[in-house]
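I opened this model to look up its domains, its enclosed spaces and one loop residue. My notes follow in the order of the look-ups.

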Amino acid sequence: MKLTLRVWRQKNADAEGAMSTYDVDGISQDMSFLEMLDTLNEELILKGDDPVAFDHDCREGICGACSLVINGDAHGPERATTCQLHMRSFQDGDTIDIEPWRASAFPVVKDLVVDRTAFDRIIQAGGYISAPTGAAPEAHATPVPKPDADFAFEHAECIGCGACVAACPNGSAMLFTSAKVNHLNVLPQGAPERETRVLDMVGQMDAEGFGGCTLTGECATACPKGIPLMSITSMNKEWLRATRKVAKR
Ligand code: FES
């Protein structure tokens, strides 16, 4: 395949960025999108040019590091992480626009790499439990009802890639935060910090500058792990419950 790539280039966080156009040839339909970018970078390096910076780690859809807006869609045309997107989703001769996540809480570091440490700080704010617990207990010592275990697992699938924020017109992180809150709050082990967790995580999310949720639903559509929009409703219920309980104390 022969492709024209229009790629966002930005030297550093303070520099002004712009789209640069590159032609790439000899792209196999079996290549992943990141392998196609590797091919471009090999050519740029051979020419003595600066390769395009982009994030990746596992390349298996697990770590959430890969983060590209492709032709206007977070992670591109398939419901998968960018590393799991293959070139068979494109046609020979296509022009492809490649940009970083666009959100003020995710500032661009260089080219296609953004700073997503705001997510780490939200997770830190809701720490699983602050009491020292010693060695890991026997897994069956605390029975967990099957529906609760399924609910927790469904939300634990969030890999923190940030596609939800990139897809949302408000740059909201409600889907990500709700996945983390719901994953921990439904389990008996998470009960001691149930109220403080949701209040602290939502407070940190607001402090990081993410936008508010207006339920457009773009986040759930873009999520490569299928975190449902109803997660936000569950988190809102948790938050209301926590504010009432804290007010009564
Ligand atoms: S590189 Fe790990 S999910 Fe894509």
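I began with the term I needed for the enclosed spaces: a cavity is a set of grid points where a 1.4 Å probe fits but cannot get out. The model is predicted, and I read every value below with that in mind.

**Entry 1: cavities**

I looked up the second largest cavity and noted a volume of about 70 Å³. Its lining has 13 residues, and those closest to its centre are Cys-168, Ser-172, Cys-213, Thr-216 and Cys-219. I found that helix H5 and helix H7 (218–222) each give at least two residues to this lining. By class I recorded 7 nonpolar, 5 polar and 1 charged residues there.

I then asked how many cavities of 30 Å³ or more there are. The count is 2.

For the largest cavity I wrote down a volume of about 100 Å³. I listed the residues closest to its centre as Cys-158, Gly-160, Cys-161, Cys-164 and Cys-223, out of 14 that line it. Two elements supply two or more residues to this lining, helix H4 (163–167) and helix H5 (174–185). The lining of the largest cavity splits into 11 nonpolar, 2 polar and 1 charged residues.

**Entry 2: domains**

I checked how the chain is divided and found domain 1 at 3–110 and domain 2 at 117–248. Over C-alpha atoms, the centres of the two domains are 29 Å apart. I counted the contacts next: 16 residues of domain 1 touch 20 residues of domain 2. The area buried between the two domains is about 1200 Å², with 61% of it from carbon and sulfur atoms. On the domain 1 side, I noted that Arg-79, Ala-105 and Phe-106 lose the most area to domain 2, and together they make up 41% of what that side buries.

**Entry 3: largest pocket**

I moved on to the largest pocket, which holds about 230 Å³ of space. Of its 15 lining residues, I found Gly-72, Asp-73, Ala-74, Ala-167 and Ala-222 closest to the centre. E4, H4 and H7 are the elements that give two or more residues to this lining. Which element gives the largest share of the lining of the largest pocket? I found that H7 does, with 3 residues. The classes in this lining are 6 nonpolar, 3 polar and 6 charged.

I also asked where the largest pocket lies with respect to domain 1 and domain 2. Both domains give residues to its lining, so the pocket lies between them.

**Entry 4: Gly-76**

I placed Gly-76 in the loop between strand E4 (73–74) and strand E5 (95–99). Is Gly-76 buried or exposed? I read a relative accessible area of 7% for Gly-76. The cut-off for buried is under 20%, so I entered Gly-76 as buried.

I looked up its partners beyond the neighbours within four places in sequence, and found Gly-76 in contact with Leu-68, Ile-70 and Leu-85. I also recorded the separation of Gly-76 from Ile-98: they are 22 residues apart in sequence, and their C-alpha atoms are 9.1 Å apart in space.

Terms used:
Residues numbered from 1 in each chain as written. Predicted model: local features only at pLDDT ≥ 70, side-chain atom pairs only at ≥ 80, totals over all residues. Heavy atoms only, no water. 1 Å grid on protein atoms, 1.4 Å probe; cavity = no way out; pocket = protein on both sides within 12 Å on 5 of 7 lines; lining within 4 Å. Points joined across faces, edges and corners; volume = space filled by probe spheres on them. Helix = DSSP H or I, 4+ residues; strand = E, 2+ residues; numbered from the N terminus. Nonpolar A, V, L, I, M, F, W, Y, C, P; charged D, E, K, R; others polar. Buried < 20%, exposed > 50% of the residue type's maximum accessible area, 1.4 Å probe, protein only. Contact = heavy atoms within 4.5 Å. Domains from an automatic or database assignment. Buried area = accessible area lost by both parts, 1.4 Å probe.
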